[in-house]
Amino acid sequence: MTTAEPLRIGILGAARISELSLVGPARSRDRADAFAAEHGVERVLDSYADVIADPDVEVVYNPLANGLHGPWNLAALAAGKHVLTEKPSASNAEEAAEIRDAAAKAGTVFMEGFHYLFHPVTRRLHELLDSGELGELRHVETMVAMPAPAGSDPRWSLSLAGGALMDLGCYSLHAGATLAPWAGGPPRLVTARGGARHGAPEVDEWLDADLAFPGGATGSARCHMAHEEWRMSLRVIGSRGEATAMNFVQPHLDDRVVVRTPAGERTEELGKRSSYTYQLDAYAAHLRHGAPLPLDAEDALATMSLIDACYRAAGFPPRPRTALPVRG
């Protein structure tokens with residue numbers, strides 16, 4: 001579906017993930033200008049606050065470091081903007097609850113960017129459960145892992161709400177929670193365990209969580225941010241068969257879904273169009289045509305609450321909030 005009118009998107013920063021913006025600043029003006037020239041960005045503003053205040057901006061896209069999601073999401077909502085934020089939406093559940101309330105007050109559209117959910121790979125897993133081919137859901141396994149980023153990377157910073165669970169494990173938890181329609185409801189945490197980054201005892205390098213669903217199914221949600229290789233798999237096991245998405249987070253790299261039932265094994269290839277493009281299409285269709293969206297601020301709060309529960313169970317503190325500087 002095409003939109004009747006393009007969205008006017010303001011982006012907070014010139015991050016690698018942000019290649020579909022119309023206006024936006026960066027920490028370095030030169031960097032922002034270079035990004036704008038390369039990607040056809042209409043214009044560059046001097047600060048994040050300027051983007052939010054710009055009357056031409058309909059949607060604020062927030063791809064900043066984790067600890068800056070919450071405060072800038074709140075600022076954008078207070079300015080009456082629609083918000084598409086990178087995950088997770090906040091540093092902890094308390095902040096996510098404030099965002100939920102702010103979105104309701106603003107009456108604008110708030111969505112956390114779990115882009116994988118919009119791709120045919122994930123939709124196919126849900127279709128297989130819905131069709132009954134796999135039988136009743138029994139177990140779900142997710143593993144989201146990557147080689148370690150540099151030690152100076154903000155993903156290792158507690159003050160910027162870093163950690164493996166925040167950056168990677170949120171996908172594992174969220175993917176499990178989306179199976180609630182076939183599992184009698186959303187999952188609850190059974191137990192969690194994790195390991196700290198060397199030299200950063202409150203920052204998780206890896207974390208594993210065990211989940212239980214009301215209908216009796218179980219889940220394993222794993223993440224590792226210093227793994228020997230990239231792994232982003234999602235395996236759904238039913239009473240009659242199973243299906244595995246080989247890379248549900250990055251289907252543009254591997255779009256295979258392997259289905260195994262008593263009838264045999266088959267591999268389906270669902271297409272390598274970017275999941276971010278599917279996500280933006282869905283967001284635009286909602287704003288322009290009222291098409292339904294599967295994600296909102298309530299969903300973001302549920303995810304953040306589960307993240308906090310995992311941290312506590314594994315012996316880590318929930319991530320601290322980041323306060324924006326007060327402008328004089």
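Start with the surface: switch it on for the whole protein chain, and you have about 14100 Å² of accessible area in view, 51% of it belonging to carbon and sulfur atoms. Keep in mind that this is a predicted model.

**The whole chain**

Now go back to a cartoon. You should find eight helices and twelve strands. Turn the C-alpha trace along its principal axes, and it spans about 65 × 50 × 35 Å. The radius of gyration is 20 Å, which agrees with the value near 20 Å for a compact globule of 328 residues. Colour by burial next: 56% of the 328 residues count as buried. If you draw contacts between residues with a separation of 6 or more, 65% of them join residues 24 or more positions apart.

**Into the core**

In soluble globular proteins, nonpolar side chains tend to be buried together. Here, the largest nonpolar core has 92 residues. Which members touch the most others? Select Leu173, Leu207, Phe248 and Tyr283.

Stay on tyrosine 283 and show what surrounds it. Leaving out neighbours within four places in sequence, the contacts of tyrosine 283 include Leu7, Val59 and His82. Val83, Leu84, Val109, Met111 and Leu293 are also on its list. Then look for a second, separate core, this one of five residues; among them are Ala32, Phe35, Val41 and Val44.

**Ring spotting**

Show the aromatic side chains. There are six aromatic pairs to find. One of them joins phenylalanine 114 and tyrosine 116: the ring centres are 6.1 Å apart and the planes stand at 85 degrees, over the 60 needed, so this pair is edge-to-face. Are these two residues buried or exposed? Phenylalanine 114 is buried at 0% relative accessibility, and tyrosine 116 is buried at 0% too.

Another stop is tyrosine 311 with phenylalanine 316. Their ring centres lie 6.1 Å apart with planes at 70 degrees, so they also make an edge-to-face pair. Tyrosine 311 is buried, at 0%, and phenylalanine 316 is buried as well, at 6%.

Before moving on, add Tyr171 and Phe248 to Phe114 and Tyr116: ring pairs link these four into a cluster. You have met Phe248 already, among the residues that touch the most other members of the largest core.

**Arginines over rings**

Go back to tyrosine 311 and select arginine 319. This arginine lies over the face of the tyrosine, 4.1 Å from the ring centre. For another example, pick arginine 273, which lies over the face of tyrosine 278 at 4.5 Å from the ring centre.

**Histidine 119**

Arginine 273 and tyrosine 278 lead you to the next stop, since both are in contact with histidine 119. Where does this histidine sit? Look in the loop between strand S4 (110-112) and helix H5 (120-131). Histidine 119 counts as buried, at 1% relative accessibility. Beyond four places in sequence, its other contacts are Pro251, Leu270, Gly271, Ser274 and Ser275.

**Out to glycine 184**

Finish in a loop, the one between helix H6 (164-177) and strand S6 (188-197), where you can select glycine 184. With 61% relative accessibility, glycine 184 counts as exposed. What does glycine 184 touch, not counting residues up to four places away in sequence? Pro214 and Gly215. Try a distance label too: from the C-alpha of glycine 184 to that of alanine 217, 33 residues apart along the chain, the separation is 8.8 Å.

Terms used:
Residues numbered from 1 in each chain as written. Predicted model: local features only at pLDDT ≥ 70, side-chain atom pairs only at ≥ 80, totals over all residues. Heavy atoms only, no water. Core = buried A, V, L, I, M, F, W, Y, C linked by side-chain atoms within 4.5 Å. Buried < 20%, exposed > 50% of the residue type's maximum accessible area, 1.4 Å probe, protein only. Contact = heavy atoms within 4.5 Å. Phe/Tyr/Trp six-rings, centres within 6.5 Å; stacked < 30°, edge-to-face > 60°. Lys NZ or Arg CZ within 6 Å of the ring centre and 35° of its normal. Helix = DSSP H or I, 4+ residues; strand = E, 2+ residues; numbered from the N terminus. Rg over C-alpha atoms; globule rule 2.2 N^0.38 Å. Areas by Shrake-Rupley, 256 points an atom, 1.4 Å probe, with all protein chains shown as cover.
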